[in-house]
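Please find below my notes on this structure, as numbered points. They deal with helix ends, helix packing and a few single residues.

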Amino acid sequence: MWSEEQRNIIQSSASILQVIAGAGSGKTATMIGLLKEREKTNKIPPEHTLVVTFTKKATNEFKERCLKNQLSQKYHISTFHSFCYHALKRYDLTRDWSKYKLLSESKKYEVTKTLLEPYRWEIGGIPFSLLWKQNGELLRFISLSIYNEYQKNFQIWKETHHYFEFDDLIYFFLRFLDTEFAWEAKTRWKSLIIDEFQDTDEVQLEIIKRMEFETVTVVGDDWQAIYGFRGATPKPFLEFPKHFPNVVQCKLSTNYRSTQSIVQKSFLPIKQNKDKIQKKTMTKRKERGSYSLLRFKKEESTLESIWEKIQSLDPNSILLTRSNFRKNEWIQSGVPRTQVMTIHSAKGLEFTTVVVDLCQGWSEELASVNQEEERRILYVALSRAKDNLFVLINDISDPKRLCDIFSENFSLWNKIRNRTLRWTRLW
């Protein structure tokens, strides 16, 4: 049932384990196998094991897998933020957590508007969504002193009115670990398994170190680190051995999801990144699969006509976009909401036929964008496909636009392979 790589992980006696898992490599199944083995050998009691996932959806899926495999119900399975909140309510006696509540986006907008009112002439009519993009980059550019003053006043307001945001929980818990009450939480949790570790940040890494777990298993793929806008960085995953020198690294290099041609195409953007862990991926599937470049001539086609042609290829195609704005453009042109989503929303999912939109929605400010992360985002999009992959590109490229740079890369690859006529459909 298990591959040799999976058995090495499941049966490992290492106290610190780093699992480098490629897209579609069955990492969740392997983690379930690891828990099964631990229950069988009675190495680590489930009630002392913490399993951390990145999203609520992933948390529910992991719980369902445990139930399906008849594993113990005593594991604590949650997101990082949820765990911090749970531990603070239970162990932190420095504040009355029953008084605290989560700050809603609407309430935050109302408070922010009030706090920034004195600076309205300096800021102008810039929408808050732009003002706070990339951790308030625009506001910091306008005035670092205004940004710092706002942050100070906002934190005071939250503390006075007993509100918190999700990210506050991480910092609260980190500070809590320096108090005399932290020993009880550290005693309670002996073992940690954390999924999607490439999406953590350095504060979360510090929490892991200070918790002093007896065993730590981190699972992730630095090639899929795409949450830079949330402050996440692949650095903790890339530099994990520096923080835990006795770590044992294992790789899951077999792709069970995609055909060989799709696996090869998904490598195209990520090959250009310098800051990554090198790994080889083999596909388990023997089917050939299909891949095509779909060229979009603006003067001849509309989104409606393009979608009709996509439907003729596969009526169940899933269209992936870089931005919500681009996603809504497709929806307004008649694409069902169930068949279009952003790449970030699709992370962790898989579909029989995927169409990746490279025509619009990608950053046009090449000087300010993190191109390594943008390539990782494109890699995530391409690797969602199981059987059929279509990449939608513009017929005429602008070298100043990121999406067209990506398009040229794909076109060049096809020319090198001398398969343009076979794989490219000209519209």
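Which residues are buried in helix H12 (residues 202–211)?

1. The model is a predicted one, and the remarks below should be read with that in mind. In H12, the buried residues are Val203, Gln204, Leu205, Ile207, Ile208 and Met211. An α-helix has 3.6 residues a turn, so residues three or four places apart point the same way. Val203, Ile207 and Met211 can be picked out of the buried set with that in mind, as can Gln204 and Ile208.

2. Both ends of H12 deserve a look. At the N-terminal end, Asp201 acts as the cap: one of its side-chain oxygens is 3.1 Å from the backbone nitrogen of Val203, a residue listed above as buried. After the helix comes Glu212, with a positive phi near 60°.

3. Glu212 belongs to the loop between H12 and strand S7 (215–220). Its positive phi occurs in a residue other than glycine. Is Glu212 buried or exposed? Its relative accessibility is 57%, so Glu212 counts as exposed, the cut-off for that class being over 50%. Met211, in H12, is buried.

4. His162 is another residue other than glycine with a positive phi, again near 60°. The loop that holds His162 runs between helix H9 (144–161) and strand S5 (163–164). With 26% relative accessibility, His162 counts as partly exposed, a class that lies between the 20% and 50% limits.

5. At what angle do helix H4 (residues 80–91) and helix H10 (residues 166–176) pack? The angle is about 50°, and the axes are 9 Å apart. H4 and H10 are therefore oblique to each other. The crossing in which H4 passes H10 is left-handed.

6. On the H4 side, the residues that meet H10 are Phe80, His81, Phe83, Cys84, Tyr85, Ala87, Leu88 and Tyr91. H10 contributes Phe166, Asp167, Leu169, Ile170, Phe172, Phe173 and Phe176. Sorted by class, this contact of H4 with H10 comprises 13 nonpolar residues, one polar and one charged.

7. Helices H15 and H19 pack at an angle of about 170°, and their axes are 8 Å apart. The two helices are therefore roughly antiparallel to each other, given that angles over 145 degrees fall in that class. From H15, the contact takes in Ile262, Lys265, Ser266, Phe267, Pro269 and Ile270; from H19, it takes in Arg375, Arg376, Leu378, Tyr379 and Leu382. Seven of the residues in the contact of H15 with H19 are nonpolar, one is polar and three are charged.

8. Arg376, in helix H19 (residues 371–382), merits a separate check. The residue has 5% relative accessibility and so counts as buried. Which residues is Arg376 in contact with, leaving aside its neighbours within four places in sequence? They are Asp222, Trp223, Ala225, Ile226, Pro234, Ile270 and Asn273. One of them, Ile270, also appears on the H15 side of the helix contact.

9. Lys280 sits in the loop between helix H15 (260–270) and strand S10 (282–283). Its relative accessibility is 74%, which is why Lys280 counts as exposed. Between the C-alpha atoms of Lys280 and Met211 there are 34 Å, and the two residues are 69 residues apart along the chain.

How values were computed
Residues are numbered from 1 along each chain as its sequence is written. This is a predicted model: local features need pLDDT of at least 70, side-chain atom pairs count only at pLDDT 80 or more; totals for chains, interfaces and linings use all residues. Side-chain values use heavy atoms; hydrogens and water are left out. Buried means under 20% relative accessible area, exposed over 50%, partly exposed in between (1.4 Å probe, protein chains only). Helices (H or I, at least four residues) and strands (E, at least two) are DSSP runs, numbered from the N terminus. A polar contact is a pair of N or O atoms within 3.5 Å; within protein, one must be able to donate a hydrogen and the other to accept it, and residues adjacent in sequence count only if both atoms are side-chain atoms. Axes are lines fitted to C-alpha atoms, for helices over the stretch in contact, and angles run from 0 to 180 degrees between N-to-C directions. Angles under 35 degrees count as roughly parallel, over 145 as roughly antiparallel, 65 to 115 as roughly perpendicular and the rest as oblique. A crossing is left-handed if the near helix is turned anticlockwise from the far one by less than a right angle, and right-handed if clockwise. Contact means heavy atoms within 4.5 Å. Ala, Val, Leu, Ile, Met, Phe, Trp, Tyr, Cys and Pro count as nonpolar, Asp, Glu, Lys and Arg as charged, and the others, Gly among them, as polar.
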